Amino acid sequence: MRIVLIAAISVDGKIAEKKEQSSLDWTSREDVQFFIRKTKELGTVVMGRKTFETIGHALRDRRTIVMTHHIPEQTVPGVEWTNESLSTLVHRLEKEGVASLAVIGGSTVYSEFLNAGLIQELYLTVEPILFGSGVPLASETGRIHLELLETELLGSGSVLFHYQTLSS
Ligand SMILES: NC(=O)c1ccc[n+]([C@@H]2O[C@H](COP(=O)([O-])OP(=O)(O)OC[C@H]3O[C@@H](n4cnc5c(N)ncnc54)[C@H](OP(=O)(O)O)[C@@H]3O)[C@@H](O)[C@H]2O)c1
């Protein structure tokens, strides 16, 4: 299964100023359009419960999986909750025939997938903004070497970087 990390980051490498913040507060229209197109192409998305709370609903036309340690009693239409480990989740999706998975945050979930060596590609949109402080893309991942595959100017100020991870 192809597993792809997708994130928008500030020039100083943050994915949010504050934990509760929606990315729509500061990312460009062009990045939002890219995010929708790429996640629809990949078909299935996985995110952490805190990121889900900033969105509040399933992503239309995409299988939406939310990781949590505490499955809520109340269902949300279109949302699949999971408390499986990363490897159990990935193996199950593979068995179900899922060909590609978009890992869409936040920091905790990005870090876990990177740490587990499960990410093969990254799409990072660098937005023209500095936060000075905030939520990092990932933490405690150790060194991960990347190969730049392509770049694209999105609109007038945002740059999309597409990387693949290299095995160490
Ligand atoms: N700029 C971007 O592209 C982008 C994208 C996504 C998110 N964000 C930002 O990221 C921030 C949120 O990041 P975050 O690191 O605080 O939270 P997060 O990664 O979205 O969610 C963390 C939560 O996910 C659940 N979780 C994570 N790993 C799990 C595992 N292995 N098993 C079971 N549950 C697991 C836990 O939920 P429970 O506590 O329920 O157990 C955990 O508290 C927000 O500010 C959001 O706006 C930015």
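Start by selecting helix 4 (107-115): with five residues, helix 4 gives the most to the shell around the ligand. Helices here are DSSP runs of H or I with at least four residues, strands are E runs of at least two, and both are numbered from the N terminus. This is a predicted model, so local features need pLDDT of at least 70 and side-chain atom pairs pLDDT 80 or more, while totals for chains, interfaces and linings use all residues. Residues are numbered from 1 along each chain, and side-chain values use heavy atoms, without hydrogens or water.

Next, pick the whole shell (a heavy atom within 4 Å of the ligand). You should get 25 residues, with K19, Q21, T51, T68 and T108 among the closest. They split into nine nonpolar, 11 polar and five charged; Gly counts as polar, and charged means Asp, Glu, Lys and Arg.

Now zoom in on the polar contacts (N or O pairs within 3.5 Å). T51 puts a polar side-chain atom 2.6 Å from a ligand oxygen. For S23, look for a polar side-chain atom 3.5 Å from a ligand nitrogen. At M67, the partner of a ligand oxygen is a polar backbone atom, 3.5 Å away.

Toggle a surface: the protein covers 91% of the 930 Å² that the ligand exposes on its own (Shrake-Rupley, 1.4 Å probe).

Methods
A polar contact is a pair of N or O atoms within 3.5 Å; within protein, one must be able to donate a hydrogen and the other to accept it, and residues adjacent in sequence count only if both atoms are side-chain atoms.
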